Amino acid sequence: MIDRLEKEVDMLERHLQVLRIVIDSEPIGIVKMSNETGYPHHKVRYSLRVLEEETLIEPSSQGAITTERTAEFVEDLDGKIDGIVEKLDGMKIEDAPEAES
């Protein structure tokens with residue numbers, strides 16, 4: 001049950017790392033991103049596709065670049081992550097009142 005969540009978080013981490021590199025180094029290509037992150041080309045390509053579908057990046061002749069929507073997404077990101085962390089913290093069983101026998 002938790003394994004799926006861990007895989008999703010790992011994938012989200014990769015997508016955000018790729019986005020961060022595009023923001024810092026745009027325009028940037030797949031090969032350079034792969035070298036900088038250590039992720040294989042196919043994983044970088046997949047992250048780029050996801051980010052493009054979310055309209056956070058777009059392709060250019062020289063590599064991936066940010067869009068008008070990127071800054072707003074980044075601005076809201078920390079708050080959204082904080083909300084998810086709070087929700088996950090509330091799900092901990094160790095913090096729940098103990099059941100009576």
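In this predicted model, the largest pocket draws the largest share of its lining from helix H1, which contributes eight residues. Helix H1, spanning residues 2–25, is joined in this role by helix H4, spanning residues 70–90, and each of the two helices supplies at least two residues of the lining. The space within the largest pocket amounts to about 430 Å³. The pocket is lined by 15 residues, of which Val9, Leu12, Leu16, Ile81 and Ile84 lie closest to its centre. When the lining of the largest pocket is sorted by class, 11 residues are nonpolar, whereas one is polar and three are charged.

The second largest pocket encloses about 160 Å³ of space. Its lining is made up of 13 residues, and those closest to the centre of this pocket are Ile30, Leu48, Glu52, Pro59 and Ala64. Both helices and strands take part in this lining, since two or more residues are given by each of helix H2 (30–37), helix H3 (41–53), strand E1 (57–60) and strand E2 (63–66). Among these elements, helix H3 provides the largest share of the lining of the second largest pocket, namely four residues. With regard to class, the lining of the second largest pocket comprises seven nonpolar residues, together with two polar and four charged ones.

How values were computed:
Residues are numbered from 1 along each chain as its sequence is written. This is a predicted model: local features need pLDDT of at least 70, side-chain atom pairs count only at pLDDT 80 or more; totals for chains, interfaces and linings use all residues. Side-chain values use heavy atoms; hydrogens and water are left out. On a 1 Å grid over the protein atoms alone, a cavity is a set of points where a 1.4 Å probe fits but cannot get out, and a pocket is an open set with protein on both sides within 12 Å along at least five of seven lines; lining residues have an atom within 4 Å of a point. Grid points are joined across faces, edges and corners, and a volume is the space filled by probe spheres set on the points. Ala, Val, Leu, Ile, Met, Phe, Trp, Tyr, Cys and Pro count as nonpolar, Asp, Glu, Lys and Arg as charged, and the others, Gly among them, as polar.
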